[in-house]
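Subject: Handover of a structure

Dear colleague,

I am passing this structure on to you, and below it you will find my notes on what turned up in it. Please keep the sequence and the view open while you read.

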Amino acid sequence: MLTGIDTETTGRDFFHAAKPYFVSISDSEGEQSYWEWNVDPLTRQPVIPPGDLDEIDGVIETADELVLQNTKFDVAALKSVGLPYGPWPWEITQDTLIAGHLLASNQPHDLTTMALVYIGLNISPFEKRLEEACTEARRYAKSHYPTWMVAREGLPGFPSIKGSKEDKKKKDEKDKVWKNDGWLPRAVCLHEDRKRPKEDCEHIWDGWDCKKCQGHRWWIVLSEYAIPDPFVTVKVFEKQRELMQKKGLYEIYQERLRCLPVAYEMERSGVTISKTTLDQLRKIYERESEEAGGVCVKIAKGIGYELELPKASNNNSLLHFCFGEPEIDEKEIKCPLCKGKKPKIPSGDGGGVFVCKKCRGSGVSIDPRKPRKEWLQLPVVHTTDSGAPSLKKKAMEIYKETLEDGPQKTFVRNLAGKRKRDTMLTYADDYEHFWHPWIPVGAVDPKTGAGWCILHPNLNPTGTNTLRWSSSSPNEQNISKQGMFCTHCWGDGCLRCGGEGLDARNLRYAFGPAPGREWFSLDFSNLELRIPAYESGEEAMIELFERPDEAPFFGSYHLLNASIIYPDLFWPLAEQEGEFKKRYKASWYQWCKNGSFALIYGCQEKKFDATTHRKGGYSLLKQKMPKLFQLGQKMIDHANKHGYVETIPDQAISPGRGYPIGCSRTSYGKISPTIPLNYHVQSTACWIMMRAMIKVHEYLKTCGGDCRIVLQVHDELVLDMPAGRGKEPWKTNLPKVRRVQSLMTECGTDVGIPLTTSREYHAKSWGEGLSV
DNA sequence: TAACTGGGCGCC
DNA sequence: AGGGCGCCCAGTTA
């Protein structure tokens, strides 16, 4: 018998103050029960009768098979009130979110949508009504009970509650502020002793009041919404299971389920960050940002412009200073085609085609703006998607290369430097927003953890259209690893930077092992290159990976590409090891490298040739690596025929089928030709990583000493282990780390891709690694 | 004021 | 027609 479980919570931050206040359970025959707890509006904490916990624990303990929508969330919620008493029974747990992604990776996976899709049931009216009640109750409580903890941005203990945003395509539901206040309507009723609806009354609602029993609906608006959920979950899953079995996907599903406890444990473990180091970095960034900003303002002032710098990225003051201010008020511009009043949107390609969004692509080119040409007068080298001059990083890099020394160049350098530091500062803010003081397990002296904090980033294995995981609150997958130029001398060397020019202190320096611990990071080498190379059988590339120590490429994919697209430049230098790279480091080598990455990410001929600064380069590559391009075509054909591509089948799990990855169509009904190969490769890479994580997690549990995975950055795992001892402390854990490496590489074998992993030891910080 | 859009940028 | 994310800021619109 399947048992569905669902919880309603006061928020998502179970490592902070969020708690469940409603638990509902249903079996597949519709036998339902629920526990609703009053939330103290002054503390947002539920008041839980102890007997309830026993009952819920009993249900979980005795169930044959459980099913939840996003199990990891509910398990974290229940754990925050001590449930279940034992470990969560993952081995009998099914998950509709995992199933939903497998059956339709690029479709929404919220329960409301899936109920409609899989069992034709529309539960949105319940949600709609709850939203109305919550919104009203929130307004009411804010004005009548100002001391109540109504959800809002900045509410202590609930860092995930952010303003309110809605990304239509995404799982935005959770980001709506009212969602955290499902308990509030009832709390108002309780506090004001409003009349309860009678249980046996067949209500006739007039607004929020029942005409028959005079009860107020806010008492039950949450339970009306929440009680059916577990039953819906059960029914959705029954259908999903049937579909998965029919499509031959059930083995994949079962393996995929195993990543849930891994993600759950990673979230619980969290990742340590040094407050001391972050404070130091912050001070440096703040000072340098202010310094660089000051230079910008001063230059502007010198030209007679009162520049108001943006806090980050752009504002009109800055853009007008750099590119001139339009004389005509843009609000007055009319679309020349439809004569609409609000065209405003210049269409792409930088040509300044001022037509509205609807009329784009018509080719009419009228730019009614007359920029005033005083002030900085930067040339336009990059445009935004809507055709306006852009000050993005890439554009500024071009300015730095091409402008003569003078105010323009100085301005751009300082602006770029300021931006970079400001970006890092907003990241740092985010970490502080979510962190807790770190307290070592079993610490006797509370000072042991001083200077260290811990973050519990959220990991979402179904957060992308592919098999990549996403991460949030904070995102552990975009932590800066770049160096940056000294704002004082901009790389020419000075006393402050010690002549180095580059300051390597990025935010990764703040992350690292807490006292008594050490980190190892393990990377799959060239994971996303090896997959298409071996799969297609492209000899030139395979050769590269098989013989990484041999001339003339020494395992470098970029050099291989360079030899093909720049034969005239590469071969004359081929006999001198490293010469091509050395001589053209900032030009041809860099451009080729950019092009290589663009290619992996799916760019087309035009973009590749532009990126590599060599017309015809793409075509040469195609001639030299026909099998690679044939694989791309094969994926395109498959996607066009079926609407999805598949990962390479895993011989150990499901030899017949790979994981289907849906390829969305553009508004013109076509699948973009860049998508299929990219999805296939990216997802196969992630499948490998997922299997690796399952194996590694299982192995580390047997190691003792609290060894765990703390970070996953797509092709990299970071392990947190007890610190070794002696002169070469890494040697203590090295055998275990080697074992982890072989578990990782094994996963390539099952999909036919030979893999290698690289290994680094981090004694103090993620920013500095030692190859050991 | 809230919601929404666009630009920008960090990672792989 | 350059893939996948999360997140922030600025400015406009409902």
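How many bridges join strand β1 to β6, and do the two run parallel or antiparallel? Strand β1, which covers residues 2-9, is joined to β6 by three bridges, and the two strands run parallel. Please bear in mind throughout that this is a predicted model.

Let me stay with β6 for a moment. Within the pairing to β1, leucine 2 has glutamate 65 of β6 as its bridge partner. Strand β6 also pairs with strand β7 (residues 93-95), again in the parallel sense and over three bridges, and there leucine 68 stands opposite aspartate 95 of β7. Together with helix α2, which spans residues 71-79, the strands β6 and β7 make a right-handed β-α-β unit. Both faces of β6 (residues 65-68) are covered, since Glu65 and Val67 on one side are buried, as are Leu66 and Leu68 on the other.

Further along the chain there is an open sheet of five strands, whose order is β22-β23-β19-β24-β25 and whose pairing is antiparallel. At its edges lie β22 (708-712) and β25 (770-771), each of which pairs on one side only. Inside this order, strand β19 (residues 517-524) pairs with strand β23 (residues 716-722) over seven bridges in the antiparallel sense, and phenylalanine 520 stands opposite leucine 719 of β23. As general background, the strands of a sheet pair through backbone hydrogen bonds, either parallel or antiparallel.

The remaining notes concern DNA strand C. There are 33 residues around DNA strand C, and those that come nearest are Lys311, Lys394, Arg468, Lys607 and Tyr679. Of the atoms of DNA strand C that come within 4 Å of the protein, 65% belong to sugar and phosphate. By class, the residues of the surface near DNA strand C are eight nonpolar, 18 polar and seven charged. At least two residues of this surface come from each of α14 (407-434), β16 (470-472) and α24 (675-701), and α24 gives the most, with four residues.

Some individual contacts deserve a look in the viewer. A polar side-chain atom of tyrosine 679 is 2.5 Å from a phosphate oxygen of DNA strand C, while for asparagine 316 a polar backbone atom lies 2.9 Å from a phosphate oxygen of DNA strand C. With glutamine 682, by contrast, an N or O atom of the side chain lies 3.2 Å from a base nitrogen of DNA strand C.

With best wishes

Note on methods. Residues are numbered from 1 along each chain as its sequence is written. Chains are lettered from A and ligands numbered from 1 in the order in which they are written. This is a predicted model: local features need pLDDT of at least 70, side-chain atom pairs count only at pLDDT 80 or more; totals for chains, interfaces and linings use all residues. Side-chain values use heavy atoms; hydrogens and water are left out. A residue is near a molecule or strand if one of its heavy atoms lies within 4 Å of it. A polar contact is a pair of N or O atoms within 3.5 Å; within protein, one must be able to donate a hydrogen and the other to accept it, and residues adjacent in sequence count only if both atoms are side-chain atoms. Ala, Val, Leu, Ile, Met, Phe, Trp, Tyr, Cys and Pro count as nonpolar, Asp, Glu, Lys and Arg as charged, and the others, Gly among them, as polar. Buried means under 20% relative accessible area, exposed over 50%, partly exposed in between (1.4 Å probe, protein chains only). Two strands pair if DSSP finds at least two bridges between them. A crossover is right-handed if, with the strands pointing away from the viewer, the path from the first strand over the helix to the second runs clockwise.
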